[in-house]
Amino acid sequence: MSNYIDPKLVPQKTLSNGDQIPCIGMGTFGSDRFTPEQVSGAVAGAIRCGYRLFDCASVYGNEHLIGDVFQEAFDEGVVKREELFITSKVWNDMHGKGDVLLSMAKSLKDLKLDYLDVYFVHWPFANYHAPGCDGDSRNPDSTPFSVDAFVAT
């Protein structure tokens, strides 16, 4: 069995702007079971194994370490930035006016990147959820979903 998959063999989908996204990628959530160091180590191995799509998020608490991994891979010539498709997401507590730009700037800085290929709204509700909380946790101060607030974000 090979330890490397040629990224050219991974199917891709064409987005509406013409960019292509690999159909197989690696998510970097793991804070419920793994340390940021373990997740960033997995990203380092995944790059060397041929993964080219990485789904990140500020709330995962590991973007700063993943940024070190990306920079090392670029510096060592393992991969070029333009060969990777990197996404990140704005978290629930950063939906206010101007907050999205601040959140994205922090992700770019932490990931040591000049750009992201896609930046998502992680969750449509602008309510705070503590990092590491489970999916069933509810904030007693939660507000109902608002289409207007979501679209404004």
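**Exercise 1. Helices H1 and H2**

Which residues in H1 meet which residues in H2? Determine also how the two helices are oriented in this predicted model.

*Solution.* Step 1: list the partners. From H1, the residues are Pro36, Glu37, Val39, Ser40, Val43, Ala44, Ile47 and Arg48. From H2, they are Leu65, Ile66, Val69, Phe70, Glu72 and Ala73.

Step 2: classify them. The contact of H1 with H2 comprises 10 nonpolar, 1 polar and 3 charged residues.

Step 3: examine the axes. Those of H1 (residues 36-49) and H2 approach within 8 Å and cross at roughly 25°. Angles under 35 degrees count as roughly parallel, and H1 and H2 are therefore roughly parallel to each other. Their crossing is right-handed.

**Exercise 2. Helices H2 and H3**

Classify the orientation of H2 relative to H3, and describe the contact between them.

*Solution.* Step 1: take the geometry. The axes of H2 (residues 63-75) and H3 (residues 99-111) come within 6 Å, with a crossing angle of roughly 45°.

Step 2: apply the classes. Roughly parallel requires an angle under 35 degrees, and roughly perpendicular requires 65 to 115. The angle of roughly 45° therefore makes H2 oblique to H3.

Step 3: name the residues. H2 contributes Glu63, His64, Ile66, Gly67 and Phe70, while H3 contributes Ser107, Asp110 and Leu111. By type, this contact divides into 3 nonpolar, 3 polar and 2 charged residues.

**Exercise 3. The environment of Val39**

Is Val39 buried or exposed, and which residues does it touch?

*Solution.* Step 1: locate the residue. Val39 is found in helix H1, where it is one of the residues that meet H2.

Step 2: consider accessibility. The relative accessible area of Val39 is 6%. Buried means under 20%, so Val39 is buried.

Step 3: list the neighbours. Leaving aside residues up to four places away in sequence, Val39 touches Met26, Thr28, Gly30, Phe34, Asn62 and Ile66.

Step 4: compare with a distant position. Val151 is 112 residues from Val39 along the chain, and their C-alpha atoms are separated by 32 Å.

**Exercise 4. The environment of Pro22**

Describe the surroundings of Pro22.

*Solution.* Step 1: locate the residue. Pro22 lies in strand E2 (residues 20-22).

Step 2: consider accessibility. With a relative accessible area of 10%, Pro22 is buried.

Step 3: list the contacts. Apart from residues up to four places away in sequence, Pro22 touches Val10, Pro11, Gln12, Arg52, Leu53 and Phe85.

Step 4: relate sequence to space. Leu84 is 62 residues from Pro22 in sequence, and the C-alpha atoms of the two are 9.2 Å apart.

**Exercise 5. Cysteines**

How many disulfides does the structure hold? Why does Cys56 form no such bond?

*Solution.* Step 1: recall the chemistry. A disulfide is a covalent bond between the sulfur atoms of two cysteines. The structure holds 0 disulfides.

Step 2: consider Cys23. This residue is in no disulfide, and the nearest cysteine sulfur, in Cys56, is 18 Å away. Cys23 is partly exposed, at 39% relative accessible area.

Step 3: consider Cys56. Its closest cysteine sulfur is that of Cys49, at 17 Å, which is too far for a bond; the cut-off is 2.5 Å. Cys56 is buried, with 0% relative accessibility.

**Exercise 6. Lys112**

Where is Lys112 placed, and what is the sign of its phi angle?

*Solution.* Step 1: Lys112 is in the loop between H3 and strand E6 (118-121).

Step 2: its phi is near 60°, a positive value in a residue other than glycine.

Step 3: the relative accessibility of Lys112 is 37%, and the residue counts as partly exposed.

How values were computed:
Residues numbered from 1 in each chain as written. Predicted model: local features only at pLDDT ≥ 70, side-chain atom pairs only at ≥ 80, totals over all residues. Heavy atoms only, no water. Buried < 20%, exposed > 50% of the residue type's maximum accessible area, 1.4 Å probe, protein only. Axes fitted to C-alpha atoms, helices over the stretch in contact; angles between N-to-C directions. Helix = DSSP H or I, 4+ residues; strand = E, 2+ residues; numbered from the N terminus. Parallel < 35°, antiparallel > 145°, perpendicular 65-115°, else oblique. Contact = heavy atoms within 4.5 Å. Nonpolar A, V, L, I, M, F, W, Y, C, P; charged D, E, K, R; others polar. Left-handed = near helix turned anticlockwise from the far one by under 90°.
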